Structures are given as C-alpha cells and as structure tokens.
Amino acid sequence: MAKYKIIATAAMGIEALVAKEVRALGYECEVDNGKVIFEGDELAIARCNLWLRTADRIKVQVGQFKARTFDELFEQTKALNWGDYLPVDAQFPVSGKSVKSKLFSVSDCQSIVKKAIVDSMKKHYNKTTGWLEETGSTFKIEVALLKDVATLTIDASGAGLHKRGYRVGQGEAPLKETLAAALIMLTPWNADRPFVDVFCGSGTIAIEAALIGQNIAPGFNRDFLSEEWPWMSASIWDKAREEAEDLANYDQVLDIAGHDIDHRMVKVAEQNAFEAGLGDLIQFKQMQVRDFTTPKEYGIIIGNPPYGERLSDRPSVEKMYAEMGEAFSKLDTWSIYMLTSHEQFEQYYGKKATKKRKLFNGFIKTDYYQYWGPRPPRNDQ
C-alpha cells in the first residue's frame, strides 16, 4: 500500500478534537488552522471517512509549493505525479480559493491548474494527440492559495462528512452533525450516564450521542466519492466496514432523551432516529425546558437553545434562559452545557459558567457555556 499525505478539514475551534480522533485511529498528526494533517495508506483514507465524527471532509494532498506567478503555478502543478492518482479517463473538476495571495483570480487559477494536469496526464499516459475523455471516476481537485502557497488536494469524501445519511427532516436552523458530535465530545459523558438534549429540534445531538454510546462509525450508513477510485479497491472498503461492524456495541444500554417545545420537531426527530437505526434507543417527547425535572443523578444536559439573534425574539429568549436556570438549579449532580451566541447568557441563566469555549455554529460566533457537576462515584463492584 502507498503512503499518502491526508488532510482532515475541521471547523474553526474544533481542530484539536479532530486531531484526538485521528490519533485514536492510530495516526500521528499535526494540527493547523482548519485542518489536521497526517500520513496514511488507502485503508487510512477509508477508515477516516468512516470514523471521524467531527471532521468536515477527508482530502488527499498531491502537492504544495510557492506560486507567485501563473507560470510558477502551471509548471509546478504539471511537475506533480498526477498519473499516480488519476486514471486516464478520470473526470477532474477543479475548484479553487485564494486568500492573501498575489494570484487572486480564482477562475484563472482553476483553468491553469486544469491545463497543467491535462499536460501532465498526457505525458504520463503517452497521449500525444486528442482530448482526455473524462468519462470515468470523479476526482474533485482543489487549488487553495494561502499567502502565495498553493496546496493541491483531491476530495476523498464527496458530500461533507456531516451528511451521515440519517437526516430525513430538519428544522429552521439545523445543527451540523459534526458540531453536534463535537459538543458531546467536549463533555465527560459516557454510555453509563443519563443524557438529555432539552432543545432537541430534529434530534441531531441525541442521535450523535447514541452513535458515540454504541461506538457506531458515523459514516457507516453512506457512500464516499473515493469508493469509485480504481486504487481504492472494494476490498479496502470491505475491510474498513467490517472493522466498524466488529467494533460497534449494539447491546450497550443507553439512557438518552430529547425534548422540544414543538411537537412537530419531536416527530421529525423520531423519524431521523428511526432512519439512523436508533429508533428504540432515544426517548423523544414534547416538553418546555422550564418543566424539566428528573430523579436521576450525574447526567449530562446539552442544549443548542434559541439565540435571540432577532431583536424581536430577545425578550422571550432571555425569559426562557432565566426559567431554564431556575429549573436546572435543582440538579445538584448534573453537568450542563449550552451553546449560544447571546453574550449575556450567564446573566439571564443566573450562574457563571465553569468554563466557556468559543465555537462557530456555521458562520455564527457562539460560546459553549459549561457548568461542571461533580464526578459520579466510582463503581468498584
């Protein structure tokens, strides 16, 4: 098997979580802004696509070099071994982006890279005349320029990794599955503790918790673009999927609940959980957050409540934060985690957070307010 330079892209603020996941799969990695970089073989590409809960997508890096002129971009792209990655009939659309670079015209960079790859492929496959028939597998290429350094990658995921394949319905502002998984992984929750999402919407956080609780690979239910690639053989994917099947703990008992004020969203959440194969594992019900009570102990509450971004919504949202703080004040042993962009959240909730962490929910800058409860007593029996 060959060795590849692999990039797992990540939303700003959760790169360290992606790196932790990559290391857990057995690959040493380095962390950069918005990405985690490591080396691995074809099996690593398959395993990372299947297993990474918090990464946005998996890319294979073909080359990286300084490019201040179109000539440099063309010649250095052409010099890369494209024939090692692309079969003669590959379809290879080129996308691009440019940040703080002399070559700022993205469309020009795309067409230059395309032409350079065509020349490189013709040489590799000894095609002196005619076109390259782009009728085979798809290899989505990106040229990304940052401070005059060009990075050329091939997308090994296709649809972003947040698309797990279980979402049949969603609400107005759905939380990305990758961020939902990150919110859970930033807590000490494990399968032995109760878990409640008090603003469950379409059920994403509760479903991601169930996948984590039973150690089910998040990509188990979907396809990936690199499955079409000739050098990513079916046996590699079979091996990766068999490993995922063997490691899943379908017998793990879970105590996971999702509540929402809107009965229609509760129905959507139930459908999504059913689609994920987790229908029996999560208890969804219609409930206002102020009515939450429980006799259980040492549980974890995670919530992505309304933020009150629209001024007209602010008074009702702030009242709800206060009611939530009142309801949760009785939960002595529970740990509570809330994601919101509202900067006075602590003031209305009525308690200062143990810790705050900056995260981006899409393009909205948010804080993850963390209220740590006591650790559960060790069960040494």
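Is Asp-148 buried or exposed? Asp-148 is buried, with a relative accessible area of 11%, where buried means under 20% relative accessible area, exposed over 50% and partly exposed in between, computed with a 1.4 Å probe on protein chains only. Asp-148 sits in the loop between S6 and S7, and although it is not a glycine it has a positive phi of about 70°. Most residues other than glycine have a negative phi. Asn-126 also has a positive phi without being a glycine, in its case of about 50°, but Asn-126 counts as exposed, at 66% relative accessibility, and belongs to the loop between helix H4 (106-124) and S6.

The model is predicted, so that local features need pLDDT of at least 70 and side-chain atom pairs count only at pLDDT 80 or more, while totals for chains, interfaces and linings use all residues. Residues are numbered from 1 along each chain as its sequence is written, and side-chain values use heavy atoms, with hydrogens and water left out.

The chain is divided into domain 1 (4-155) and domain 2 (177-216 + 226-371), with bounds that come from an automatic or database domain assignment. The helices (H or I, at least four residues) and strands (E, at least two) named here are DSSP runs, numbered from the N terminus, and two strands pair if DSSP finds at least two bridges between them.

One open sheet has seven strands in the order S2-S3-S1-S4-S7-S6-S5, with mixed pairing. Strand S2 (29-32) and strand S5 (94-99) stand at its edges, and because each has a single partner strand, one side of each is left without a neighbour in the sheet. Neighbouring strands of this sheet are turned by 30° against each other on average, direction ignored; axes are lines fitted to C-alpha atoms, for helices over the stretch in contact, and angles run from 0 to 180 degrees between N-to-C directions. At one edge, S5 pairs with strand S6 (residues 141-146) in the parallel sense over six bridges, and Val-94 stands opposite Ile-141 in S6. Helix H1 (residues 15-24) packs on the sheet, touching strand S1 (4-9), S2 and strand S3 (35-40), and its direction makes about 170° with that of S2; contact means heavy atoms within 4.5 Å. Helix H3 (residues 70-78) lies across strand S4 (57-66), S6 and strand S7 (149-155), running at about 120° to S4.

Which residues of the largest nonpolar core touch the most other members? In this core of 62 residues they are Phe-38, Leu-73, Trp-82, Leu-86, Phe-92, Ile-154 and Trp-229, a nonpolar core being a set of buried Ala, Val, Leu, Ile, Met, Phe, Trp, Tyr and Cys residues joined through side-chain atoms within 4.5 Å. Helix H2 (residues 42-51) supplies the largest share of the core, seven residues, and the core draws at least three residues from each of domain 1 and domain 2. Ten of the ten residues of H2 are buried, and these buried residues pack against S1, H1, S3, S4 and helix H7 (234-247). Ile-154, leaving aside its neighbours within four places in sequence, has contacts that include Ile-58, Val-60, Trp-82, Leu-86, Ile-141 and Trp-229.

Between the two domains, the contact takes 27 residues from domain 1 and 27 residues from domain 2. Domain 1 and domain 2 bury about 2400 Å² between them, 68% of it on carbon and sulfur atoms, where buried area is the accessible area (1.4 Å probe) that two parts lose on being put together, summed over both.

A further open sheet of seven strands has the order S10-S9-S8-S11-S12-S14-S13, again with mixed pairing. Its edges are strand S10 (282-286) and S13, each with a single partner strand, so one side of each is left without a neighbour in the sheet. Neighbouring strands here are turned by 20° against each other on average, direction ignored. Strand S8 (residues 195-197) and strand S9 (residues 256-260) run parallel and are joined by three bridges, with Phe-195 opposite Ile-256 in S9. Helix H6 (residues 204-213) lies across S8, S9, S10 and strand S11 (300-303), running at about 155° to S8. Strand S13 (residues 355-361) and strand S14 (residues 364-371) pair in the antiparallel sense over seven bridges, and they form a hairpin with two residues between them, where Gly-362 in the turn has a positive phi of about 65°.
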